[in-house]
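Biologist: I am new to this structure and should like to know on what grounds its features are named. Please set each value against its definition.

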Amino acid sequence: MQLEFYQRVNKALHHGAVAIATVIEINGSVPREVGAKMMIEPTGITAGTIGGGAGEASIIEAAIALLQNLDSSDSDFSAPTDQASGTAVTIDLTGATQRQTQGVCGGTMQVWVSCWLSSWGRAIAQALCQRLTQGKTTLLVTPLHSAQLPYWQEPFPSTSSTVEEPEVQTSPEHDPNFSIPMAEFIEYIRPNPTLLIVGGGHVGIALAEAATFAGFRIIVQDDRPEFAEAHRFQAISPNVEVSAEAIATVLKDFAEVDELYIALVTRGVIYDLQALECLLSPDMAPVWQRIRYIGMMGSLKRIRYVFQCLEKKGLASDRLNTIHAPIGVEIGALTPAEIAISICAELVQTRRKSVNSSSTGFPPILN
């Protein structure tokens with residue numbers, strides 16, 4: 001969803017300055033994670049969220065105050081390029097009576113609110129949009145305390161397929177709930193994760209819709225041309241990609257994708273075998289490093305048969321054990337829509353576990 005956010009930022013900057021609020025540190029139970037963002041326009045129009053409620057209202061108030069204090073010359077696109085301003089806001093959700101902004105989540109959030117001028121902000125927003133569209137991760141550095149401008153750069157060089165995350169740096173105010181002030185906040189701006197749906201039937205369509213809503217980039221593969229017609233998915237999103245190419249051809253395009261999730265919702269055992277045999281072949285080694293999830297739909301009998309066939313072909317059982325089968329969270333799903341919801345829930349669960357359990361990005365499930 002990063003792409004959609006920065007598209008909104010880029011569009012708003014064509015009309016003047018905006019404020020961007022970023023959660024830079026959390027303590028205890030809070031509604032959003034470090035890195036969560038919200039854009040605020042001078043009119044109070046927002047995009048994104050840092051948790052809602054009274055805390056978010058205080059952020060909007062602080063952002064509008066910052067924007068009102070800007071030099072009015074920024075309404076002209078030729079405004080100076082060396083201006084930057086920001087402020088830190090602490091949101092207390094512990095319910096403490098001495099706090100002006102209260103909540104009941106039980107924790108505290110430190111939020112950095114900075115003004116992006118149209119004169120220089122558009123260049124950053126456009127670059128981020130371009131790179132996210134290309135599926136590239138970008139390092140964004142937001143200086144704290146000074147008038148230095150935010151800037152982006154390529155991720156640090158790495159010989160592995162995952163990029164080492166820098167330590168999250170902390171807030172510029174001496175709040176006892178937070179750690180020692182630092183000079184800048186460093187974050188990775190990642191493209192939407194990619195979900196390859198193998199099978200364009202009823203479940204495939206429903207899953208494309210559910211996963212689009214959850215923020216996945218969707219690609220559907222079905223070797224039946226009549227099931228790979230783009231118009232079948234246009235009601236979901238014009239961005240859904242559909243292919244009738246062979247699975248091997250489609251998979252080779254994912255060697256540079258940051259996060260790849262694969263859902264096998266095919267029409268039969270033979271197509272599961274074709275997909276998995278291709279996917280787990282040595283020729284697909286570059287793609288393995290990008291995969292975070294493989295799930296296969298079917299009964300236990302069908303799954304056992306597929307795994308037995310693959311083991312007879314020499315595929316290691318430890319690799320097969322990484323496959324989520326039967327696919328989806330167990331909720332008693334029966335209809336295509338219910339099955340799609342259960343699969344989407346497992347996709348989100350897998351993704352968030354990967355994010356929270358690793359400081360080096362998203363560890364591949366296949367080695």
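Modeller: Let us begin with confidence. This is a predicted model, in which local features need pLDDT of at least 70 and side-chain atom pairs count only at pLDDT 80 or more, while totals for chains, interfaces and linings use all residues. Residues are numbered from 1 along each chain as its sequence is written, and side-chain values use heavy atoms, with hydrogens and water left out.

Biologist: What is the pLDDT over residues 72-81, and how many contacts does the model have there?

Modeller: The pLDDT, which is the predictor's confidence in each residue from 0 to 100, stays under 50 over residues 72-81. For these residues the model has 19 contacts beyond four places in sequence, a contact being heavy atoms within 4.5 Å. Residues 158-178 also have a pLDDT below 50, with 68 contacts beyond near neighbours in sequence. Where pLDDT is low, the predicted coordinates should not be read in detail.

Biologist: What is the mean pLDDT of the chain, and where is confidence lowest and highest?

Modeller: The chain has a mean pLDDT of 82, and 82% of its residues reach 70 or more. Confidence is lowest in helix 9 (residues 317-320), with a mean of 78, and highest in strand 2, with 96. Helices (H or I, at least four residues) and strands (E, at least two) are DSSP runs, numbered from the N terminus.

Biologist: What makes Lys37 and Glu187 a salt bridge?

Modeller: A salt bridge requires a side-chain nitrogen of Lys or Arg within 4 Å of a carboxyl oxygen of Asp or Glu. The side chains of Lys37 and Glu187 meet at 2.9 Å, N to O, so the definition is satisfied. Lys37 belongs to strand 2 (residues 37-40) and Glu187 to strand 8 (residues 184-189), so that distant parts of the chain, 150 residues apart, are linked. The structure holds ten salt bridges.

Biologist: How do you know that Arg267 forms a salt bridge with Asp222?

Modeller: Their closest N and O atoms are 3.8 Å apart. Arg267 is in the loop between strand 12 (260-264) and helix 6 (269-279), and Asp222 is in the loop between strand 10 (217-221) and strand 11 (241-243), so the pair ties together parts 45 residues apart in sequence. Arg267 also meets Asp223 in a salt bridge, at 3.2 Å from N to O. Asp222, Asp223, Arg224 and Arg267 are linked in a network of salt bridges.

Biologist: Why is Asp222 called buried or exposed, and Arg267 likewise?

Modeller: Buried means under 20% relative accessible area, exposed over 50%, and partly exposed in between (1.4 Å probe, protein chains only). Asp222, at 3% relative accessibility, therefore counts as buried, whereas Arg267, at 37%, counts as partly exposed. Asp223 is also partly exposed, at 36%.

Biologist: Why are Phe5 and Tyr6 an aromatic pair, and of which kind?

Modeller: Rings of Phe, Tyr and Trp (its six-membered ring) pair if their centres lie within 6.5 Å; planes under 30 degrees apart count as stacked, over 60 as edge-to-face and the rest as tilted. Phe5 and Tyr6 are 5.1 Å apart, centre to centre, with 90 degrees between the planes, and the pair is edge-to-face. The rings of Trp116 and Trp120 have centres 5.9 Å apart and planes at 45 degrees, so this pair is tilted. Both Trp116 and Trp120 are buried. The whole structure has four aromatic pairs.

Biologist: What places the charge of Arg224 over the ring of Phe227?

Modeller: The rule asks that NZ of Lys or CZ of Arg be within 6 Å of the ring centre and within 35 degrees of the ring normal. Arg224 lies over the face of Phe227, at 3.6 Å from the ring centre. The charged end of Arg190 sits over the ring of Tyr188, at 5.6 Å from its centre.

Biologist: Why is strand 12 called largely enclosed?

Modeller: Five of the five residues of strand 12 are buried, so the rest of the structure largely encloses this strand. Leu260, Ile262 and Leu264 are buried on one side, and Tyr261 and Ala263 on the other.

Biologist: How do you know that strand 12 pairs with strand 9 and with strand 13?

Modeller: Two strands pair if DSSP finds at least two bridges between them. Strand 9 and strand 12 have five bridges, in the parallel sense; strand 12 and strand 13 likewise pair in the parallel sense over five bridges. Val198 has Leu264 of strand 12 as its bridge partner, and Tyr261 has Tyr293 of strand 13. Ring pairs also link Tyr261 and Tyr293 with Phe216 into a cluster.
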